[in-house]
Amino acid sequence: MQTHQYDVVIVGAGGAGMRAALESSTRARTAVLTKLYPTRSHTGAAQGGMCAALANVEEDNWEWHTFDTVKGGDYLVDQDAAEVMAKEAIEAVLDLERMGLPFNRTPEGRIDQRRFGGHTRNHGEAAVRRSCYAADRTGHMILQTLYQQCVKQEVSFFNEFYVLDVLLTEDLSTGEVPEGTPVRASGVVAYELATGEIHVFRAKSVVFATGGAGKIFKTTSNAHTLTGDGMALALRRGIPLEDMEFFQFHPTGLAGLGILLSEAARGEGGILRNSEGERFMERYAPTIKDLAPRDMVARAMANEVREGRGCGPEKDYVLLDLTHLEPAHIDAKLPDITEFARTYLGVEPYTEPVPVYPTAHYAMGGVPTTIDAEVLRNPTDVVGGLFAAGEVACVSVHGANRLGTNSLLDINVFGKRAGIAAAAYAATADWLDLPEDPTALVIGEIERMRDKAQGERVSDVRRELQETMDANAQVFRTAESLEKARDDVRALKKRYLSVSVQDKGRRFNTDLLEALELGFLLDLAEVVVAGALAREESRGGHFREDFPTRDDEKFLHHTMAYLRRGATPDETEVTLGTKPVTMTRYQPMERKY
Amino acid sequence: MTAVLENSAEPDATPEVGAVPSFDVTLRIRRFNPEASEAAAYWEEFTVTAYGTDRVLDAMHKIKWEVDGSLTFRRSCAHGICGSDAMRINGRNRLACKALLKDLDPSKPITIEPIKGLPVVKDLVVDMEPFFASYREIMPFLITSGNAPSAERLQSAEQRERYDDTTKCILCAACTSSCPVFWNDGQYFGPAAIVNAHRFIFDSRDEGAEQRLEILNDKEGVWRCRTVFNCTEACPRGIEVTKAIQEVKRAMITRAF
């Protein structure tokens, strides 16, 4: 075992983690622990853009952006947080430009902007050009630019280090630590992939920036490595997860594969059509049609398929039509996604419409934080020295449904805030003693899996998890389907206890890591389903066919899910609480587009 | 500026999505276990059932998940943008997640080896550190002088277009590890580092071109390039790598950029 000591330890090197590192590394001794090389992070897969009311091409302001974010999130957004994000968006985009990000330009040489789903002028009048972009590679450019700046600042990276535990001064998993009791983070435990060695990082501040958990579903735009590690580690240590029942299904995944085709395709004029060739979004969102928010478009698509107007031999997808756009325009604005259609489906988007279907894309929920990225352990108490930013966190700026481009914005605004806050905390905090035997939990779990000669296969349990989540907890949900998912997940959790890995080696044991990741996925799936079952209403990305309308009277609150120890050591149960939604300017209205 | 379509000759080969037949495919994989008593590389063959839209990565996952969990490779996004899974497939560098089995003639075994010129750590995993060290050396970040402007720097669409091609790089190392000069001389910066230097040298906002050109004027710099074009052929992003290297060479002489 090796022990390291840093003022600030950042876990994850995607957009949020690197943005945080750029701030904290100039203020405090900082290390970034990342399970992938930084440039492999899934920020790089984001395509369409990053919204900010620059008003470079038409009238716009941050208040409109705030409103759109609140309405897009079906009024579950904390409005103070949304306002911070929309205001700071402008500086966040300019920061990136000054770092060298190659944005597309207007004829005057300024940052160009384009339309995106749910972003409107003057509170819903019409679509507005707000998304700053670099072709359909905006996330790639952000990831590269932030990494370039980290190279410039000589940020210390520990590449291919998997953080497997976070150390806290109190055991919160019993649920018995009273409100108001100070609780602090003292470091993390990490597994070095190359050697199999365990490292303890002692730190005054820990920032989680570990990204999403799309792999709980089968059809997803997410990378294989997006297994919700940070969310699950926090959950296991007794920290709640907020609003996990809200998962975004992106309308346009490549049919059968789930690979993302950016909403920018529709922002640039692409149209969704059913088997009758009808532009069906006209029926669902008469004003902004194909540019309605993602939850509405995804449901509309699923509904078209359900009512028999799907395309293809199985009638199980709809079509994204770009054929009326000039090939030169497609090449300039949408080069990557059209290449995906060619490479993976053999479809030529210049002349043929592309088969698409919703794909699990983004966790609106996550580790609850304040607007300064401090992690909350209940609706009011923060964990000293523990921060979270990006998809792992729930501020909540996305509420029940995230607007397109607001995730790239989130990682930049709240990544920056997390880095500043973490460094500031470290500047005044004293060093804490590490708990006795800090690696016991991690080593115990690793040895259990490696030592078991025979057992369940990781891939079998994972496949069954993903299949039940797709079948029972996707775009349309009912009590019945969710109970099925819950029972399946519980049964799979039992089977997980007897999982074994074939690779018994120490060096580069990815077999072992997949087993550990599966454990995270199972815990998170259980929380998603528990929240979805309890929320007997439909709001944003969570649609209950048995409760098809929004119920502000009963459910205009955040869900706080806690994993608590059950009767036996291997048993846990999810208990649910609530947290009020912060409202400042906007009262809930019916959501029409 | 999209990448070349690999199966452009047979666009009708996939009639309808979902109606693709299955076939058996054999993968002949170069294995290396650093912890074996006699650690030596060897070939191992696996035969799995695949489907029409499956990529090499899908077949490898099938092996890892159903046959041999110890088969080790890096991967993440699985659609060609994270750059984790560059490997040598049938003798040519590709991303395993972008190489469709049906395009590789599955009637014959498909050979899969780690990319060349970097130390093999385990099976298909190589030590990427020398690659990233070269990248870091060329100062891959915007260099400017004076105070930062309060708004954005202006750049015309034409100026932006000038370096567009090289902004697409995902640092997968397919180009560098396909270069025979790099195979024989690990000190050579390699195509990827030069591509990333190009991205800044030709960016109208950047003022560090002279410094980068000095670095690349080194005996292990651009002049080692023999215009073999392996890099251009290997690039999964369709970047004209050799052309970019030539432009850097020209800038070195003319000092015009």
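**A five-strand sheet in chain B**

In this predicted model, B:Arg88 stands opposite B:Asn93 in β4(B). Residues are numbered from 1 along each chain as its sequence is written, chains are lettered from A and ligands numbered from 1 in the order in which they are written. Local features need pLDDT of at least 70, side-chain atom pairs count only at pLDDT 80 or more, totals for chains, interfaces and linings use all residues, and side-chain values use heavy atoms, with hydrogens and water left out.

β3(B) and β4(B) are antiparallel partners, with four bridges (strands pair if DSSP finds at least two bridges between them; strands are DSSP runs of E, at least two residues, and helices runs of H or I, at least four, numbered from the N terminus). The two strands make a hairpin with two residues in between, and B:Asn90 in the turn has a positive phi of about 50°. From β3(B), B:Ala86 and B:Arg88 point one way and B:Met87 and B:Ile89 the other, all of them buried (under 20% relative accessible area, with exposed over 50% and partly exposed in between; 1.4 Å probe, protein chains only). In a regular strand, side chains alternate between the two faces of the sheet. β3(B) also runs antiparallel to β5(B), joined by two bridges, and B:Ile89 sits opposite B:Ile112 there.

Zooming out, the open sheet has five strands in the order β2-β1-β5-β3-β4 (chain B), with mixed pairing. β2 (42-51) and β4 (92-95) of chain B are at the edges with a single partner strand each, so one side of each lacks a neighbour in the sheet.
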